Amino acid sequence: MSAISELPFEAQATPKKDEKIIPVIMGMATGNPPYRASQQQALAIAESCPECNSIKPVLARIYGNSRIDYRFMAVPDFTPEQKLEGDENFFDKDLMFKMPVEKRLDMFREKSVPLVTKVCKDAMADAGIDVEQIGKLVVVSSTGFLGPGLDAELIKTLGLWRGVDRSLIGFMGCAAAMNGFRVANDFAMSHPGKMALMVCVEISSVHTTFDDNVNDAILHAIFADGCAAAVISGEKPGSAAAKGKFGIVDTHGWLMEGTEDGITLSINENGISCILSKYLPQYIAKNMAGYVDSFLGMHGLQKTDMDFWAIHPGGRRIIEEAQNGLGLSEEQAKYSWTVLSQYGNMLSPSVMFVLELILNDHKKALAKGERGLKQGIAFSFSPGVGAEGILINVM
């Protein structure tokens, strides 16, 4: 038995009221399954599907206008020439994509466990910490519901203490990373010396369906698989450990009025699915300025004070209308466009992929002796429609 399993969790002293503690992203990592599909490959599968008869004339336009070049998938069905030894197609050769939800969730477990394990290890290595320093595990997903869940699997594969505090966040869609940060932040601030490990994983490919409607065509044209993890620690401003890292000053969520149809998720006998309203881009354009102004106003800030913007890369129209609503340029949204182009919409991990690109540029600037970044904002969208964001200051 390892030492970590023999020791009880040591309660940490709550910080004094006059001690300011800020949650800091000490390390971050991202990862994807092995199969990289071009948008042309994905389109060819859709056009071959017998269920897509009436919408076949519009498929090329839907896929071609997505501004997505590549996406990663956990199953080889969309990239048969890349099939790894020992791996088999998940769906039948008839291209009907019918599969009981139980089998889809079994495949989610099979594909997600090694992925989340690797990405969590990479995040801890990036933070330069040992597994014994993790006191909280937050697991986020809208595409996998399991019991025992990925939290139980990670305790085994990472060697976490079996008394580690655990939280699961499900069905919050693309904004779930923000909810994960909020839970991890609370733990890190109230348990000095212990850190929170937050991981988001989505395996959308196992839920692929092709019904003869435009909504399903859009889903298959944009959604993809991915994973991202972050290590969060409560640190005092000015501490050596936090220097140059991203501190999360605040989180803020807002449920937009009259937008309930914007994003809806459901579990049915044939998998987990999503319906995106045609009005969703309008909802975002109409509400984002008020949301961001309110959030920044809480801290005496304005949009012009932001060095960077991490917009959820949920699709071409999502980024465009966020830009329109906030008056942002293509340059200000460049990181989101890059993630959309190279990865598609991975739901909850997506905004963390954007943050990783921003953080990498910040590190490069510091290495050159430049100032780097000072502050910025990241946000994404939940069913409802809700806007969820974090305000970041560089420590």
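Q: What makes a residue of this model count as buried rather than exposed?
A: A residue is called buried when its relative accessible area is under 20%, and exposed when that area is over 50%. The model is a predicted one, and in its helix α6 the residues that count as buried are Ala176, Ala177, Met178, Asn179, Gly180, Phe181, Ala184, Asn185, Phe187 and Ala188.

Q: How do you know that the length of α6 is close to what is expected of a helix?
A: Helix α6, at residues 176-190, has 15 residues and reaches 22 Å from its first C-alpha to its last, and the expected span is 1.5 Å times one less than the number of residues. For α6 that gives 21 Å, to which the span in the model is close.

Q: What makes the span of α11 agree with expectation?
A: Helix α11 runs over residues 350-367, and its 18 residues should span 26 Å at 1.5 Å a residue; the end C-alpha atoms are 26 Å apart, so the two values agree. Among the buried residues of α11 are Phe353, Glu356, His362 and Ala365. After α11 comes Gly369, which has a positive phi near 80°.

Q: Why is the pair of Phe379 and Phe381 called edge-to-face or stacked?
A: The structure holds 11 aromatic pairs. For Phe379 and Phe381 the ring centres are 5.9 Å apart and the planes stand at 70°; since rings pair if their centres lie within 6.5 Å, and planes over 60 degrees apart count as edge-to-face, this pair is edge-to-face. Both values enter the reasoning because a pair of aromatic rings is described by the distance of the centres and the angle of the planes. Phe379 has a relative accessible area of 0% and Phe381 one of 3%, and as the cut-off is under 20%, Phe379 is buried and Phe381 is buried.

Q: What makes Phe97 unusual in its backbone, and where does Phe97 lie?
A: Although Phe97 is not a glycine, its phi is positive, at about 55°, whereas most residues other than glycine have a negative phi. Phe97 belongs to the loop between β3 (70-73) and α4 (101-127), and its relative accessible area of 3% makes it buried. Ring pairs also link Phe97 with Phe78, Phe90, Phe91 and Phe210 into a cluster. The C-alpha of Phe97 is separated by 8.7 Å from that of Cys49, although the two are 48 residues apart along the chain. Cys49, in the loop between α2 (39-48) and α3 (56-64), has 0% relative accessibility and therefore counts as buried.

Q: How do you know that Leu347 is buried or exposed?
A: The relative accessible area of Leu347 is 8%, and the cut-off is under 20%, so Leu347 is buried. Leu347 lies in the loop between α10 (334-343) and α11, and has a positive phi of about 60° without being a glycine.

Q: Why is Arg36 said to lie over the face of Tyr70?
A: The distance of Arg36 from the ring centre of Tyr70 is 3.6 Å, while the limit for CZ of Arg is within 6 Å of the ring centre, together with a position within 35 degrees of the ring normal. Arg67 likewise lies over the face of Trp337, at 3.6 Å from the ring centre.

Q: Which space of the model is called a cavity, and what lines it?
A: A cavity is a set of points where a 1.4 Å probe fits but cannot get out, and the structure holds 1 cavity of 30 Å³ or more. Among its 18 lining residues, Ser204, His207, Leu219, Phe223 and Ile272 are the closest to the centre.

Q: What makes up the lining of the largest pocket?
A: The largest pocket holds about 750 Å³ of space and is lined by 34 residues, with Ile218, Ile222, Leu276, Pro281 and Arg317 nearest its centre. Helix α7 gives the largest share of this lining, 5 residues.

Methods: Residues numbered from 1 in each chain as written. Predicted model: local features only at pLDDT ≥ 70, side-chain atom pairs only at ≥ 80, totals over all residues. Heavy atoms only, no water. Phe/Tyr/Trp six-rings, centres within 6.5 Å; stacked < 30°, edge-to-face > 60°. Buried < 20%, exposed > 50% of the residue type's maximum accessible area, 1.4 Å probe, protein only. Helix = DSSP H or I, 4+ residues; strand = E, 2+ residues; numbered from the N terminus. 1 Å grid on protein atoms, 1.4 Å probe; cavity = no way out; pocket = protein on both sides within 12 Å on 5 of 7 lines; lining within 4 Å. Points joined across faces, edges and corners; volume = space filled by probe spheres on them.
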